[in-house]
Amino acid sequence: MATANQENAGPFARAWRWFKALPEKSKSKVVQVASEAKKLGQDDPRRIIHSLKVGLAITLVSLFYSFDPLYQGFGVSAMWAVITVVVVFEFSVGATLGKGLNRGLATFSAGFLGVGAHRLASFSTERSEPILLGLSVFVLAAAVTFIRFFPRMKARYDYGLLIFILTFCLICVSGYRDDEVLDITHKRLSTVLIGGATTVIICIFICPVWAGHDLHNLVATNLEKLGSFLEGFGGEYFRKSGDSESKDNKSSLEGYKSVLNSKSTEESWVNFAKWEPRHGRFRYRHPWDQYLKIGTLTRQCAYRIEDLNNYLNSEIQAPLEIRVKIQESCTKMSSESSYALKELALAIREMIRPSTANAHIANSKVAAKSLKSLIKTGLWQDADLLEIIPTATVASILIDVVACTEKIAESVHELASLAHFKSADVAIAAQQPQPCQQGKLQPSSKIEGPHHVIKIDGPP
């Protein structure tokens with residue numbers, strides 16, 4: 001009897017416990033969402049600014065409904081301005097300009113062709129008018145849809161082609177039942193242009209986010225991550241079993257993994273950067289495609305580094321006495337390649353021509369050549385073949401890394417030539433304090449510590 005009462009009371013007890021724990025669960029969920037939102041804002045404060053900019057743009061175009069003169073001029077078509085802001089406003093200037101220009105040009109051209117098609121169809125009989133309109137919609141929709149499959153059109157103009165089909169069909173279909181097709185087209189085009197112009201102005205002139213600048217920094221950061229891995233690889237691979245691994249070294253050995261998945265981001269930012277006007281140190285027609293070439297070579301190097309990391313974390317390691325025989329050459333290749341990659345990253349970030357990267361690459365090639373000669377002498381003749389294979393594979397991968405570093409250096413030199421990077425001497429000279437002019441000492445902001453005033457008595 002007691003067991004039956006417990007079974008009957010079970011669902012009610014569980015429901016009561018659920019309702020009792022509901023406030024605590026809701027509170028923890030709210031705290032979790034708040035912490036995630038805080039982390040998003042701290043990771044990139046520009047996200048908060050972007051949200052405020054979108055809110056401002058939508059508020060401004062919503063005034064069409066608040067003021068009677070504006071609403072009477074555009075009517076319900078004013079909603080197209082709000083829709084345009086919501087759809088066009090993107091995080092970066094390039095993405096916003098690309099969508100804005102695509103939408104504006106597509107709306108204008110589709111509206112012009114739609115009015116023309118409706119006008120031509122109106123000259124025919126009442127029976128043939130819907131047939132001609134349907135035929136024009138079919139031909140243009142099919143042709144533009146096929147054009148969307150072209151890779152270049154897909155990359156840069158896919159959104160505009162989609163809006164073209166939508167606008168043309170709306171005008172043709174609605175114009176068949178409404179004689180004021182020209183007035184409808186004028187209102188829609190005007191509101192779309194107003195919404196697009198508001199979006200572009202706010203995006204450019206209020207805390208702009210440049211996709212080209214982000215792409216520039218991303219490529220440099222990826223090279224730095226590869227250099228950081230190679231810098232710590234030599235000491236980690238030839239570390240004795242009793243030595244402990246530092247946390248900083250472990251984090252630097254894991255940073256390269258984000259480089260492996262950077263292809264889509266780089267391609268998107270290159271596409272957005274091509275829409276952006278001249279800004280900062282980036283001129284008109286900046287060689288953005290060269291960044292894709294550098295990014296491809298960087299990922300090829302990252303794949304080899306992934307192989308090195310697999311051998312580094314493998315449970316089966318070659319004996320230390322076998323690894324020690326190639327330690328000097330491998331460490332030299334790893335460190336010199338690291339210096340070269342970090343020098344190339346600094347050159348890209350500061351937009352100066354790399355000066356010492358070639359010297360480091362030459363040193364790494366010398367170490368690779370000496371390692372090949374050392375292996376040919378048969379230094380592992382008496383060792384077990386299964387113990388030799390992992391170490392020999394690591395040496396071979398390091399030689400490939402040296403070759404990849406050389407290719408990356410060539411691409412960076414090509415970028416420096418196409419983008420007219422300054423030489424290192426000119427950049428250093430530009431940062432030096434100016435000499436005395438007209439008997440006055442020029443202050444230098446780089447001097448730290450107490451300042452003294454020296455007064456010299458004498459003739460002027």
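What follows is a chat about a predicted model of one protein chain.

Visitor: What should I know before I start poking around?
Guide: It's a predicted model, where local features need pLDDT of at least 70, side-chain atom pairs count only at pLDDT 80 or more, and totals for chains, interfaces and linings use all residues. Residues are numbered from 1 along each chain as its sequence is written, and side-chain values use heavy atoms, with hydrogens and water left out.

Visitor: What's the mean pLDDT of the chain?
Guide: The mean is 82, and 83% of the residues reach 70 or more. pLDDT is the predictor's confidence in each residue, from 0 to 100.

Visitor: Where does pLDDT stay under 50?
Guide: Over residues 434-460, for which the model has six contacts beyond four places in sequence. A contact means heavy atoms within 4.5 Å. Where pLDDT is low, the predicted coordinates should not be read in detail.

Visitor: OK, how many helices and strands are there?
Guide: The chain has 20 helices and zero strands. Those are DSSP runs numbered from the N terminus: H or I over at least four residues for helices, E over at least two for strands.

Visitor: Which residues does UniProt list as "transmembrane region"?
Guide: The unreviewed entry gives 48-67, 73-93, 105-125, 131-150, 157-177 and 189-211. UniProt positions use the numbering here, feature names are shortened, and annotations may be inferred rather than shown by experiment.

Visitor: What do residues 131-150 and 189-211 look like in the model?
Guide: Residues 131-150 are 85% helix and 0% strand, with end C-alpha atoms 30 Å apart. For 189-211 the figures are 78% helix, 0% strand and 28 Å.

Visitor: Switching to Thr199: buried or exposed?
Guide: Thr199 has a relative accessible area of 0%, so it counts as buried. Buried means under 20% relative accessible area, exposed over 50%, and partly exposed in between, using a 1.4 Å probe and protein chains only.

Visitor: Where is Thr199, and what does it touch?
Guide: Thr199 sits in helix α10, residues 181-205. Leaving out residues up to four places away in sequence, Thr199 touches Val85, Val88, Phe89 and Thr96.

Visitor: And Ile201?
Guide: Ile201 is in α10 too, but it counts as partly exposed because its relative accessibility is 49%. Ile201 also helps make a nonpolar surface patch of about 650 Å², along with Leu56, Leu60, Leu63, Phe67, Phe205 and Ile206.

Visitor: What makes a patch?
Guide: Residues with over 30% relative accessible area and no salt bridge (a side-chain nitrogen of Lys or Arg within 4 Å of a carboxyl oxygen of Asp or Glu). Like charges are joined within 9 Å, and nonpolar side chains (Val, Leu, Ile, Met, Phe, Trp, Tyr) within 5 Å. Areas come from the Shrake-Rupley method with a 1.4 Å probe; for residues, only the protein chains shown count as cover.
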